[in-house]
Amino acid sequence: MIKVKIENLFKGYGKTKVLEGVSFEVRKGSIHGLIGPNGSGKTTLIKCLTGIYQPDQGSICLDEEEIYDNPAAKMKMGYVADSNDYYPNYRIKEMVKIYEAAYPTFSKEDFDYYNEAMGLNVKKMIKQLSKGQKMRLALILNLAIHPDILILDEPMEGIDVIAKQQLFDMIINEVEEREMTVLITSHHLEEIENFCDSITMIHEGKLTGTGSLDEVKEKATKLQIVFPEGLPEGFAGWKGVLNFSNIGSIYTVIWEDFDEEKKELLYECGAAFVEEIPISLEEIFLYMNKEGREQ
């Protein structure tokens, strides 16, 4: 079942285009990562998804309902921004009361349960909290409303390793027990790789890849190749070769859309050995979004 559908999304500011024809889907009960370099349009996309910005063109639907100007759809959402200041002169316990009043699904009991692990003093004022404590507060407040979809924009910045794992466990538990859907952005690609079921990559406002982690990883292959006599002439310009390095006659190559035909070509051009080796999400992101690459 599709939970979120983004179709042909365009958004700009004046003459500046930020998002151009972005389309992807997020399935119900999945954890979907949104990744891209700074300035790629991630935050603008998140603000369109939460109904803060109105798209210039295209649509964003939650459960087949347009999100923008739709209070009922927004009530199904939890949103943790990359900065969560709330009301600086309010105490945590007062923020809890605001959430209780605003969200019929908010559970004070569950907030207290989550806070047992987070250890926040509810008598403290928001302005007394560190960045990491504000982030922890935002996460457990939003988990306690039991949203259908939880949108997280760089949610683990400033949070220590132990608290981070506890929060990931809380989120995963909500996904498993209630089929909550999660969309998360992060610069920490190893976390995305370990946490997400599927991802979408954007670069300069355009989609460069979307699908399950396995599907995205299939777009690029990491190879170890032995060329006893050195690289074939013009190898750097071969179609699909994204990057290569070597130690002596052993070359490590990142290759887009590699197949058996290309493997045979390598042997014909002097390769003594060709082997596929594991590739990380970070490597795929780095080389498929490098400057000068044709999209």
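Mentor: Start with a definition. Helices are DSSP runs of H or I with at least four residues, strands are DSSP runs of E with at least two, and both are numbered from the N terminus. The model here is predicted. Now take Y53.

Trainee: Where is the place of Y53?

Mentor: Y53 sits in the loop between α1 (42-49) and β4 (57-62).

Trainee: Why is Y53 called partly exposed?

Mentor: Its relative accessible area is 25%. Buried means under 20% and exposed means over 50%, with partly exposed in between. The value of 25% falls in between, so Y53 is partly exposed.

Trainee: What makes a residue count as one that Y53 touches?

Mentor: Heavy atoms within 4.5 Å make a contact. Leaving out residues up to four places away in sequence, Y53 touches K11, Y13, T44, K47, C48 and Y68. I254 is 201 residues from Y53 along the chain, and their C-alpha atoms are separated by 38 Å.

Trainee: Two of those names, C48 and Y68, line the largest cavity. What else lines the largest cavity?

Mentor: P55, S59, I60, E66 and I67 complete the lining. By class, that lining has 5 nonpolar, 1 polar and 1 charged residues.

Trainee: What makes the largest cavity a cavity?

Mentor: About 30 Å³ of space lies in it. A 1.4 Å probe fits at the points of a cavity but cannot get out. A pocket, by contrast, is an open set of points. The search of the whole structure finds 1 cavity of 30 Å³ or more.

Trainee: And the second largest pocket: what is its volume?

Mentor: About 210 Å³. It has 13 lining residues, and the closest to its centre are M77, G78, Y79, Y103 and N142.

Trainee: Which strand gives the most to the lining of the second largest pocket?

Mentor: Strand β6 (residues 77-80), with 3 residues. By class, the lining has 7 nonpolar, 4 polar and 2 charged residues.

Trainee: Why would G78 not be put among the nonpolar residues?

Mentor: Gly is counted as polar under the class rule, so G78 goes with the polar residues.

Trainee: Which residues is P147 in contact with?

Mentor: Leaving aside neighbours within four places in sequence, they are K76, M77, G78, N142, R178 and M180. P147 lies in the loop between α5 (131-143) and β7 (149-153). K108 is 39 residues from P147 in sequence and 14 Å away, C-alpha to C-alpha.

Trainee: How do you know whether P147 is buried or exposed?

Mentor: The relative accessible area of P147 is 2%. Buried means under 20%. So P147 is buried.

Trainee: H146 is in that loop between α5 and β7 too. Why is H146 called partly exposed?

Mentor: H146 has a relative accessible area of 21%. Buried needs a value under 20%, and exposed a value over 50%. H146 meets neither cut-off, so the label is partly exposed.

Trainee: What is the phi of H146?

Mentor: About 50°, a positive value, although H146 is not a glycine. Most residues other than glycine have a negative phi. N8 in strand β1 also has a positive phi, near 50°. N8 is partly exposed, because its relative accessible area of 34% lies between the two cut-offs. G270, just after α9, takes a positive phi of about 110°.

Trainee: What joins the side chains of K3 and D63?

Mentor: A polar contact of 2.9 Å. A polar contact needs N or O atoms within 3.5 Å, and within protein one must be able to donate a hydrogen and the other to accept it.

Trainee: How do you know whether K3 is buried or exposed?

Mentor: K3, in strand β1 (residues 2-13), has a relative accessible area of 3%. That is under the 20% cut-off, so K3 is buried. Not counting residues up to four places away, K3 touches V26, R27, K28, C61, L62, D63, D148 and T181.

Trainee: What is at the start of helix α9?

Mentor: A side-chain oxygen of D259 comes within 3.2 Å of the backbone nitrogen of E261. Helix α9 covers residues 260-268.

Trainee: And how many helices and strands are in the protein chain?

Mentor: 10 helices and 14 strands. Buried residues make up 48% of its 295 residues.

How values were computed:
Residues are numbered from 1 along each chain as its sequence is written. This is a predicted model: local features need pLDDT of at least 70, side-chain atom pairs count only at pLDDT 80 or more; totals for chains, interfaces and linings use all residues. Side-chain values use heavy atoms; hydrogens and water are left out. On a 1 Å grid over the protein atoms alone, a cavity is a set of points where a 1.4 Å probe fits but cannot get out, and a pocket is an open set with protein on both sides within 12 Å along at least five of seven lines; lining residues have an atom within 4 Å of a point. Grid points are joined across faces, edges and corners, and a volume is the space filled by probe spheres set on the points. Buried means under 20% relative accessible area, exposed over 50%, partly exposed in between (1.4 Å probe, protein chains only).
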